[in-house]
Amino acid sequence: MPNASSDNAAAAKKLTRNDLPETLQRALDVAIDKSARAPVILEVTEITGYTDWVLIVSGRSERHVAAISDGIKGELRAKGCKAQGADGMGEHNWDLLDYDDFMVHVFYHPVRMHYDLESMWSDAARVELDLSAEVLSLIHISEPTRQAEI
């Protein structure tokens, strides 16, 4: 039986961009500057044992995913924050950047829909990002330009 108090705790916890670490805010800004779509930030401190925050964004192609990931890595490195690890950087269907306190998942959108990490972490508090409808929109991104190998 689900624990109603844990469900209510995630719903009651109102997080905004001001609650985020500065480097995570910068990673989000860079992703948006690179035209990433449908960004979501989850606070997973009490759910996972390996990080506190998860940023998930979508790109419209493998090249777009690469540009978003490279932009984030470059900008954060310039600010003195180097990724502890990275994965998926060869094919760019799902790039993962590990910054210890937070992780960035940059997905080719059909791959994001397939793995559906947001559902896996449905108990996590979602950060209110206060972004424009254009940034949150999946118009022009949900139609795959090629069939992803999932």
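**Group meeting: a walk through the fold, from the core outwards**

Okay, let's start in the middle. The largest nonpolar core has 38 residues, and the ones touching the most other members are Ile41, Trp53, Leu55, Ile72, Tyr99, Phe102 and Val104. As for where that core comes from, the elements giving it two or more residues are helix 2 (22-33), strand 2 (37-43), strand 3 (53-59), helix 3 (62-78), strand 6 (102-108) and strand 7 (125-128). Before I go on, please keep in mind that this is a predicted model.

Let me zoom in on one of those core residues, Leu55. What is Leu55 in contact with, leaving aside its neighbours within four places in sequence? The list is Leu24, Ala27, Leu28, Pro39, Val40, Ile41, Met103, Val104 and His105. Hold on to those names, since several of them come back in a minute.

Now let me step back to the whole chain. We have six helices and seven strands, and going from the N terminus the order is α-β-α-β-β-α-β-β-β-α-α-β-α. Of the 150 residues, 42% are buried. And if you take contacts between residues at least 6 apart in sequence, 65% of them join residues at least 24 apart.

The seven strands make one open sheet, ordered 1-7-2-3-6-5-4, with mixed pairing. At the edges you find strand 1 (15-16) and strand 4 (85-87); each has a single partner strand, so one side of each has no neighbour in the sheet.

Let's go inside the sheet, to strand 3. All seven of its seven residues are buried, so to speak a mostly covered strand. On one face you have Trp53, Leu55, Val57 and Gly59, and on the other Val54, Ile56 and Ser58, with both faces covered. Strand 3 pairs with strand 2 over five bridges, in the antiparallel sense, and there Leu42 sits opposite Val54 of strand 3. Strand 3 also runs parallel to strand 6, with seven bridges joining the two. If you want a spot to click on, take Val57, whose bridge partner in strand 6 is Val106.

So what about strand 6 itself: is it enclosed or open? Seven of its seven residues are buried, so strand 6 is largely enclosed by the rest of the structure. Phe102, Val104, Val106 and Tyr108 are buried on one side, while Met103, His105 and Phe107 are buried on the other. Then comes strand 5 (residues 94-98), which runs antiparallel to strand 6 and is joined to it by five bridges. Asp98, for example, has Met103 in strand 6 as its bridge partner. Strands 5 and 6 form a hairpin with three residues between them, and in that hairpin Asp100 takes a positive phi near 70°.

On to helix 2. Does its length agree or disagree with what you would expect? Twelve residues at 1.5 Å a residue should span 16 Å, and the end C-alpha atoms are 16 Å apart, so the two agree. The buried residues in helix 2 are Leu24, Ala27, Leu28, Val30 and Ala31. These cover an arc of only 165° around the axis, which means they are on the same side of the helix. Over on the other side, Glu22 and Asp33 are exposed. The buried residues pack against strand 2, strand 3, helix 3 and strand 6. That fits with Leu55, which has Leu24, Ala27 and Leu28 among its contacts. After helix 2 comes Ser35, with a positive phi near 70°.

Last stop, the aromatics. There are three aromatic pairs in the structure. One is Trp94 with Tyr115: the ring centres are 4.9 Å apart and the planes are at 45°, so we call the pair tilted. This pair links distant parts of the chain, with Trp94 in strand 5 and Tyr115 in helix 4 (residues 109-115), 21 residues apart. Trp94 has 29% relative accessibility, so it counts as partly exposed. Tyr115 is at 39%, so it also counts as partly exposed. Ring pairs also bring in Phe107, giving a cluster of Trp94, Phe107 and Tyr115. And Phe107, remember, is one of the buried residues of strand 6.

That's the tour. Over to you.

Methods: Residues are numbered from 1 along each chain as its sequence is written. This is a predicted model: local features need pLDDT of at least 70, side-chain atom pairs count only at pLDDT 80 or more; totals for chains, interfaces and linings use all residues. Side-chain values use heavy atoms; hydrogens and water are left out. A nonpolar core is a set of buried Ala, Val, Leu, Ile, Met, Phe, Trp, Tyr and Cys residues joined through side-chain atoms within 4.5 Å. Buried means under 20% relative accessible area, exposed over 50%, partly exposed in between (1.4 Å probe, protein chains only). Helices (H or I, at least four residues) and strands (E, at least two) are DSSP runs, numbered from the N terminus. Contact means heavy atoms within 4.5 Å. Two strands pair if DSSP finds at least two bridges between them. Rings of Phe, Tyr and Trp (its six-membered ring) pair if their centres lie within 6.5 Å; planes under 30 degrees apart count as stacked, over 60 as edge-to-face and the rest as tilted. The expected span of a helix is 1.5 Å times one less than its number of residues. The arc is that of the directions from the helix axis to the C-beta atoms.
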